[in-house]
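Trainee: Hey, have you got a few minutes to walk me through a structure? I'd like to learn how to read one.
Mentor: Sure, let's open it up.

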Amino acid sequence: MRRRRFAPSSTSAYELTERGRALEPVLAAIRQWGAELPVDEANPDLGADALFFALKSTFDAELADGLDAVVQLDVGHDRFRVEVGQGRLGIARGEVADPDAVITVDAPALQSLAFTDRRLLDAEQAGEVTLSGNREAAERFLNCFPMSVRS
């Protein structure tokens, strides 16, 4: 792990080195195994880092077919660059210069949007999400996860 400072703010975070990223397939297998366990209803929310790992490990390239987008996710004080294209999902900390969409959300609301049948418009109307930019790109991104049960 290494510590990284993000400009222009004084925010810093730890990120994995290449050696640490090499463990990602192992962690994905553990996540898949853990997904079969019952959810703790008393504490179901994931933190931002665990949530982004869940997004990476459940991404379905078929659901993303034809989507080519860069989305900035502002989750609390953290900013993430999310790229979907050519059947791949890339997530990294940092701001996006010219995103297709910016979604400002907290981790529990993002979790519900990606992994349940909750609609983006409903979360916006509840004041839990702010969206700017391309709505279709944002909605398509949120529908790239097979745990979603969309109508």
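Mentor: One term to start: buried means under 20% relative accessible area, exposed over 50%, and partly exposed in between (1.4 Å probe, protein chains only). Helices (H or I, at least four residues) and strands (E, at least two) are DSSP runs, numbered from the N terminus. This is a predicted model, where local features need pLDDT of at least 70, side-chain atom pairs count only at pLDDT 80 or more, and totals for chains, interfaces and linings use all residues. Residues are numbered from 1 along each chain as its sequence is written, and side-chain values use heavy atoms, with hydrogens and water left out.
Trainee: OK, which residues of helix H6 are buried?
Mentor: In H6 (residues 135-142), they are Ala137, Ala138, Phe141 and Leu142. Looking down the axis of H6, these fall within an arc of 130°, so they line one face of the helix. That arc is taken from the directions from the helix axis to the C-beta atoms.
Trainee: Why would residues three or four places apart point the same way?
Mentor: An α-helix has 3.6 residues a turn, so that spacing brings them round to the same direction.
Trainee: Switching to the sheet: what order do the strands come in?
Mentor: It's an open sheet of five strands, S5-S4-S3-S6-S7, with mixed pairing. Two strands pair if DSSP finds at least two bridges between them. S5 and S7 (129-133) are at the edges with a single partner strand each, so one side of each has no neighbour in the sheet.
Trainee: And how do S3 and S4 pair?
Mentor: They're antiparallel, over seven bridges. Val71 stands opposite Val82 in S4.
Trainee: What about Gln72, buried or exposed?
Mentor: Gln72 sits in strand S3 (residues 69-75) and counts as buried, at 5% relative accessibility. Its side chain makes a polar contact with the side chain of Asp74 (2.9 Å). For a polar contact you need a pair of N or O atoms within 3.5 Å; within protein, one must be able to donate a hydrogen and the other to accept it, and residues adjacent in sequence count only if both atoms are side-chain atoms. A polar atom of the Gln72 side chain also lies 2.8 Å from the backbone nitrogen of Val96.
Trainee: Last one: where is Gln86?
Mentor: In the loop between strand S4 (78-85) and strand S5 (88-93). Gln86 is exposed, at 75% relative accessible area, and has a positive phi of about 55° although it is not a glycine.
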